[in-house]
Amino acid sequence: MKRVAIVFMSAPHGSSAGREGLDALLATSALTEDIGVFFVGDGVFQLLKDQQPAGILARDYIATFRLLPLYDIESCWLCAASWRERGLPDALPRVVDAQKLEPDALRQRLDDYDVILRF
C-alpha cells in the first residue's frame with residue numbers, strides 16, 4: 001500500500017486549492033490508511049479557527065478539517081518557519097492539532113511518503 005502525503009500550500013481563500021485538497025484527502029482516506037497531512041507556506045492559514053469566509057463571499061470548509069480523526073487521519077504537521085514568518089502566535093487556536101516541525105525535519109518526514117499531492 002502506498003503512503004500518501006497531502007501538502008496544503010495555498011491560502012484558504014482566493015482559490016479552490018484548499019477545498020480541492022481537503023476533498024482529495026478525504027477521498028484518499030478510503031483507499032489507504034497511511035496518509036500524512038502537511039501545511040506549508042500560506043497553507044498554514046488553512047489551520048486558523050474562526051475564519052469568516054462569508055464576508056468575502058467564499059465557502060466555509062475550514063471546519064471540515066475537524067473531521068480528520070473520524071477518517072483516521074492523525075498524522076498532521078505544519079511548518080514552524082511558515083507559521084513564524086506569517087506572524088502567527090504559538091497560542092493561536094487551530095482546527096487541527098498539527099505538530100510543528102522545522103523545515104529540515106518536515107522535509108525528512110515528507111520523504112517517507114511514496115506519493116505527494118500539493119494543493
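## Charges over rings

Start with Trp-83: Arg-94 lies over the face of this ring, at 5.5 Å from the ring centre. A second arginine is placed in a similar way, with the charged end of Arg-3 over the ring of Tyr-113, 4.4 Å from its centre. Please keep in mind as you explore that this is a predicted model.

## The chain as a whole

Now let us step back to the whole chain. The protein chain contains 3 helices and 5 strands, and along the sequence they follow the pattern β-α-β-β-α-β-α-β. Of its 119 residues, 41% are buried. The accessible surface comes to about 6,700 Å², and carbon and sulfur atoms account for 50% of that surface.

How do the contacts reach along the sequence? Among contacts between residues at least 6 apart in sequence, 76% join residues at least 24 apart.

## The sheet

The strands come together in an open sheet of 5 strands, paired in parallel and ordered E4-E3-E2-E1-E5. Which strands are at the edges? Strand E4 (99–101) and strand E5 (115–118) are the edge strands, and each of them pairs on one side only. On average, neighbouring strands of this sheet are turned by 25° against each other, with direction ignored.

Strand E2 (residues 35–39) has E3 on one side and E1 on the other in the sheet order. E1 and E2 run parallel and are joined by 5 bridges; here Ala-5 stands opposite Gly-36 in E2. E2 and E3 also pair in the parallel sense, over 4 bridges, and Cys-76 in E3 is the bridge partner of Val-37.

## A covered strand

Is E2 mostly covered or mostly open? E2 is mostly covered, with 5 of its 5 residues buried. The cover extends to both faces of this strand: Ile-35, Val-37 and Phe-39 are buried on one side, and Gly-36 and Phe-38 are buried on the other.

## Helices against the sheet

Helix H1 (residues 17–28) packs on the sheet and touches strand E1 (4–8) and E2. The direction of H1 makes about 165° with that of E1. Helix H3 (residues 103–110) lies across E1, E2, E3, E4 and E5, and H3 runs at about 145° to E3.

A good residue to look for in helix H3 is Arg-107. Arg-107 has a relative accessible area of 47%, so this residue counts as partly exposed. How far apart are Arg-107 and Cys-79 in sequence and in space? They are 28 residues apart in sequence and 9.6 Å apart in space, C-alpha to C-alpha.

## Aromatic company

Across the whole structure, a search finds 5 aromatic pairs. In one of them, the ring centres of Phe-39 and Phe-65 are 5.8 Å apart and the ring planes meet at 65°, so the pair is edge-to-face; planes over 60 degrees apart count as edge-to-face. Phe-39 lies in strand E2, while Phe-65 is in the loop between E2 and strand E3 (75–79), so the pair ties together parts that are 26 residues apart in sequence.

Are these two residues buried or exposed? Phe-39 has 0% relative accessibility and therefore counts as buried. Phe-65 is buried as well, with a relative accessible area of 1%. Phe-8 joins Phe-39 and Phe-65 in one aromatic cluster.

Technical notes
Residues are numbered from 1 along each chain as its sequence is written. This is a predicted model: local features need pLDDT of at least 70, side-chain atom pairs count only at pLDDT 80 or more; totals for chains, interfaces and linings use all residues. Side-chain values use heavy atoms; hydrogens and water are left out. Helices (H or I, at least four residues) and strands (E, at least two) are DSSP runs, numbered from the N terminus. Buried means under 20% relative accessible area, exposed over 50%, partly exposed in between (1.4 Å probe, protein chains only). Contact means heavy atoms within 4.5 Å. Accessible areas come from the Shrake-Rupley method with a 1.4 Å probe; for residues, only the protein chains shown count as cover. Rings of Phe, Tyr and Trp (its six-membered ring) pair if their centres lie within 6.5 Å; planes under 30 degrees apart count as stacked, over 60 as edge-to-face and the rest as tilted. A charge sits over a ring if NZ of Lys or CZ of Arg is within 6 Å of the ring centre and within 35 degrees of the ring normal. Two strands pair if DSSP finds at least two bridges between them. Axes are lines fitted to C-alpha atoms, for helices over the stretch in contact, and angles run from 0 to 180 degrees between N-to-C directions.
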